[in-house]
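Student: I've got a model open and I'd like to learn how to read it feature by feature. Can we go through it together?

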Amino acid sequence: MNSANHKIRTSNLSRPGGDMQWCFSQVKGAIDDDVAEADIISTVEFNHTGELLATGDKGGRVVIFQQEIDNKNVPQFRSEYNVYSTFQSHEPEFDYLKSLEIEEKINKIRWLPQKNAAQFLLSTNDKTIKLWKISERDKRPEGYNLKEEDGRYRDPNTITALRVPVLIPMDLMVEASPRRVFANAHTYHINSISVNSDNETYLSADDLRVNLWNLEITDRSFNIVDIKPANMEELTEVITAAEFHPHQCNTFVYSSSKGTIRLCDMRVSALCDKHSKLFEEPENPSNRSFFSEIISSISDVKFSHNGRYMMTRDYLSVKIWDLNMESRPVETYQVHEYLRSKLCSLYENDCIFDKFECCWNGNDSVVMTGSYNNFFRMFDRGHRRDATLEASRENSKPLQVLKPRKVCTGGKRKKDEISVDSLDFNKKILHTAWHPQDNIIAVATTNNLYIFQDKVN
Amino acid sequence: MTEQGEGARTLEEQQEMEDKVISPEKAEEAKLKARFPNIGAKPGGSDFLRKRLQKGQKYFDSGDYNMAQAKMKNKPLPSAPAEKTEITGDHIPTPQDLPQRKTSIVASKLAV
């Protein structure tokens, strides 16, 4: 989808002389602290117009929210997101051959661009991708000749005249039906899916392989990347994320656990094991520690909307890469550098393996990613400003402006600052999404979905 | 830091000490090595990756179970473990070890 074609209504994130201002809009989910595992949100994604917002959870369920179109021309009031549809996308399964359980957790949801009245999305768990059709029904036929309204057949002898059935309005019903199931193509766990700009194909990536599918064909997929070594003892890195270029249907990237990104061109060869470009930041070998490789592992990669840049997220930072320069990123933003002196305990409690995602705003001027203590970070690329905000029930009065948060790294703790040791590492924001056109963001805490919008003056 | 009487430090030790001061990461590494002295010489290597590739709970396998039972017949029964420990490594899961798995038929709380 060419971003130049649709109007970017994003107002500037920062005000002249002022800070970025975000307001609470809505929060979805239960208030109680006792979180059931099934309710843990595992993915959040806006569709291409931003009208629909989908979430997936550990219980295999998808909930879709729809933005209500408001007719009121009230600038302070932005439309709200209300439940549009919810369905069970994946069920827990069992691999009998390996005696392994297959989790129903939804790893990723990706929307297809809208082609007709229905909406389509791809949702995936560790092993199976499904194409779901979400359609509306607001009319039903009435006045059949052979059937009564309740479905019983009429006695043909009583029919003396013919009539044409008419469509009468009914309460809106939103139905979700699985149209395709793409199964049995991944030995390892699927971490990414990405729809191609050609609207015909999509890729799915697991730890060692990337496959290319046609949306219409479920019994075949092409393997386009295979990094499995002949001897598994020689395994040194795994694929962590993959994405198609937003405009060039022949180009995709995949990131690795060693902090590298490979760009591949499908025109070069059928099997893209040999990359066209390799993006890697040189590391000072004297700085290397036991943790270096673990924290350099890329947990997410996202192309900018204009297709000129890509962003990667590793444990401590967000990096922006110019696709024309492989030697190093053009921008690096520290998400929570203060954690560098806590790596030992973060390794022991496994937090060092947390996979944070990242996202761009509509005009690629601001990027966002999550952190701990229900904090999330925004980096304004143009104005070189960053902000730390918090998603919490305490700041959830309607249109309440979010106060910037600050982590104190040592010495005297100022009022309103929080010290590194007081951070709650169980409150992680791994999934965030930005409306493709407006300054509306969706931020997922463990089991709640927060929607914030920027303050309109 | 003053030199101790036992002798001059080697260049390596000196460098390591300086590293701890300059790099918080190296200080954290030292902490980790102190707690887990056997931690792999090859950091972040195959161990992590293999553990990652095998994510997922191993369930009851009747073949493994019967083989294990056959082996056990000749040995006296060991006392049952006091707490429910995680099923790892060579432990053959028994029906009693399995947590109950159910489809979530409840609607998502986000959809309320």
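Tutor: Sure, strands come first: helices (H or I, at least four residues) and strands (E, at least two) are DSSP runs, numbered from the N terminus, and two strands pair if DSSP finds at least two bridges between them. In chain A, β30 and β31 (residues 440-444) pair in the antiparallel sense over four bridges. His431(A) stands opposite Ala444(A) in β31(A). Before we go on, this is a predicted model, where local features need pLDDT of at least 70, side-chain atom pairs count only at pLDDT 80 or more, and totals for chains, interfaces and linings use all residues. Residues are numbered from 1 along each chain as its sequence is written, chains are lettered from A and ligands numbered from 1 in the order in which they are written, and side-chain values use heavy atoms, leaving out hydrogens and water.

Student: Which strands form the open sheet, and in what order?

Tutor: Four of them, in the order β1-β32-β31-β30 of chain A, with antiparallel pairing. At the edges sit β1 (22-28) and β30 (431-434) of chain A, each pairing on one side only. For twist, axes are lines fitted to C-alpha atoms, for helices over the stretch in contact, and angles run from 0 to 180 degrees between N-to-C directions. Here the twist averages 20 degrees from one strand to the next.

Student: How many disulfides does the structure hold?

Tutor: A disulfide is a pair of cysteine sulfur atoms within 2.5 Å, and the count over all chains is zero. Take Cys358(A): its sulfur is 7.2 Å from the closest cysteine sulfur, in Cys359(A), so the two are too far apart for a bond.

Student: Is Cys358(A) buried or exposed?

Tutor: Buried means under 20% relative accessible area, exposed over 50%, and partly exposed in between (1.4 Å probe, protein chains only). Cys358(A) has 0%, so it is buried. Cys408(A) counts as buried too, at 8%.

Student: What should I look for around a buried polar residue?

Tutor: Look for partners. A polar contact is a pair of N or O atoms within 3.5 Å; within protein, one must be able to donate a hydrogen and the other to accept it, and residues adjacent in sequence count only if both atoms are side-chain atoms. Ser256(A), in strand β17 (residues 251-256) of chain A, is buried at 2%. Its side chain makes a polar contact with that of Glu237(A), at 2.8 Å.

Student: And where is Asp380(A)?

Tutor: In strand β26 (residues 375-380) of chain A, buried at 3% relative accessibility. A polar atom of the Asp380(A) side chain lies 3.2 Å from the backbone nitrogen of Gly382(A), and the backbone nitrogen of His383(A) also lies 3.2 Å from a polar atom of that side chain. Along the chain, Ser365(A) is 15 residues from Asp380(A), with 6.1 Å between their C-alpha atoms.

Student: Which residues touch the most other members of the largest nonpolar core?

Tutor: A nonpolar core is a set of buried Ala, Val, Leu, Ile, Met, Phe, Trp, Tyr and Cys residues joined through side-chain atoms within 4.5 Å. The largest has 24 residues, and Tyr315(A), Leu339(A), Leu346(A), Tyr347(A), Ile352(A) and Leu423(A) touch the most other members. Helices α1 (292-296) and α2 (343-348) of chain A each supply at least two of its residues, and α2(A) gives the largest share, four.
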